[in-house]
Amino acid sequence: VPALAVVVLLLLGCRGPGAAGQRRKEMVLSEKVNQLMEWASKRSVIRMNGDKFRRLVKAPPRNYSVIVMFTALQPHRQCVVCKQADEEYQILANSWRYSSAFTNKIFFAMVDFDEGSDVFQMLNMNSAPTFINFPAKGKPKRGDTYELQVRGFAAEQLARWVADRTDVHIRVIRPPNYAGPLMLGLLLAVIGGLVYLRGSNLDFLYNKTGWAFAALCFVLAMTSGQMWNHIRGPPYAHKNPHTGQVNYIHGSSQAQFVAETHIVLLFNGGVTLGMVLLHEAATSDMDVGKRKIMCIAGIGLVVLFFSWLLSVFRSKYHGYPYRYGLG
């Protein structure tokens, strides 16, 4: 019996420190979750500095995922894209915070460069905004960094990425936007006013030039990528917060910036105008001198804008061997 008692005491002594360590780990984890839940109840996106990030995101233990947006929102940084991305990120976080499925399985946080520059240095990060998922177990993998330039920063796209990385499905709920109905109502009011004022003369509805111009504007908008912007919600441009360099043309053939579509729209419009001038020079009844001027102007516009358009194409499709004019 004494020998058995000694064995039991030895076993308890061996298990004691491990059990105490486990209890301590559970206490630390409980404190971290309670702290995050308290902050999340006040603000959907938790702002973090270097100390909070290291303690609540990097340091174990952790049984929750944290989606962190690394950004630079201070006015002197002049990061327009950061502000646009922040608006979508807030919509996503609010949709999760006020949903019936809200749990402590995932939290949304933000590290601003001016509040946590040491975090940017620790992660070797030199661009903003950047979204990273810090999973409940292990370190972030390649897929845990959001492909912002490919997917854009629309809340719906972020929600799909979050579901893919965490199995948490968030139904994005946007605040009411009355801009669309108001614009439609204004357009209908203008059309109704014109019909009322010119009720006795509706020839303007049969004006081929007006309808052709409207159709041309629509075609140019669609061919420049406006629908892609509407679906993907890409940033207007990209500015490096460290160097201050602004890129208006995306370097990949799989993505684009909003500014890029405006540039392409301008170039396509210039080529179209040149073609119109060439057509008018060949078919109009004006004197020969004016037709020559229109012909030269048309050729100049086509060469100039098509060259610039081709240069944009070559910058996105690296290795493209051909060039045209000034391209």
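How does the lining of the largest cavity divide by class into nonpolar, polar and charged residues? In this predicted model, that lining has seven nonpolar residues, one polar residue and one charged residue. Below is a friendly tour of the cavity, the largest pocket and two helix pairs, with H3 and H10 turning up along the way.

**The cavity**

- The count of cavities of 30 Å³ or more comes to one.
- About 50 Å³ of space lies in the largest cavity.
- Its walls are formed by Ala40, Ser44, Ala93, Trp96, Arg97, Phe102, Ile106, Phe107 and Phe108.
- Two elements, helix H3 (80-97) and strand E3 (106-112), each supply at least two residues of this lining.

**Helices H3 and H6**

- Helix H3 also takes part in a helix pair: the axes of H3 and helix H6 (residues 155-166) come within 9 Å and cross at roughly 55°.
- An angle from 35 to 65 degrees falls outside the parallel and perpendicular ranges, and H3 and H6 are therefore oblique to each other.
- The crossing in which H3 passes H6 is right-handed.
- On the H3 side the contact is made by Glu88, Tyr89, Ile91 and Leu92, and on the H6 side by Ala155, Leu158, Ala159 and Val162.
- Sorted by class, this contact has seven nonpolar residues, one charged residue and no polar ones.

**The largest pocket**

- Turning to open space, the largest pocket has a volume of about 280 Å³.
- There are 14 residues in its lining, and Glu260, Val312, Phe313, Lys316 and Tyr317 are the closest to the pocket centre.
- Helix H10 (258-283) and helix H11 (288-316) are the elements that give two or more residues to the lining of this pocket.
- Helix H11 provides the largest share, with six residues.
- By class, the pocket lining divides into nine nonpolar, three polar and two charged residues.

**Helices H8 and H10**

- Helix H10, which helps to line the pocket, packs with helix H8 (residues 208-223) at an angle of about 135°, with the two axes 9 Å apart.
- Angles over 145 degrees would count as roughly antiparallel; H8 and H10 are therefore oblique to each other.
- As in any good walk-through, handedness deserves a mention: H8 passes H10 in a right-handed crossing.
- Leu216, Leu220, Ala221 and Thr223 of H8 meet Leu265, Asn268, Gly269 and Thr272 of H10.
- The residues of this contact divide into four nonpolar and four polar, with no charged ones.

Technical notes
Residues are numbered from 1 along each chain as its sequence is written. This is a predicted model: local features need pLDDT of at least 70, side-chain atom pairs count only at pLDDT 80 or more; totals for chains, interfaces and linings use all residues. Side-chain values use heavy atoms; hydrogens and water are left out. On a 1 Å grid over the protein atoms alone, a cavity is a set of points where a 1.4 Å probe fits but cannot get out, and a pocket is an open set with protein on both sides within 12 Å along at least five of seven lines; lining residues have an atom within 4 Å of a point. Grid points are joined across faces, edges and corners, and a volume is the space filled by probe spheres set on the points. Helices (H or I, at least four residues) and strands (E, at least two) are DSSP runs, numbered from the N terminus. Ala, Val, Leu, Ile, Met, Phe, Trp, Tyr, Cys and Pro count as nonpolar, Asp, Glu, Lys and Arg as charged, and the others, Gly among them, as polar. Axes are lines fitted to C-alpha atoms, for helices over the stretch in contact, and angles run from 0 to 180 degrees between N-to-C directions. Angles under 35 degrees count as roughly parallel, over 145 as roughly antiparallel, 65 to 115 as roughly perpendicular and the rest as oblique. A crossing is left-handed if the near helix is turned anticlockwise from the far one by less than a right angle, and right-handed if clockwise. Contact means heavy atoms within 4.5 Å.
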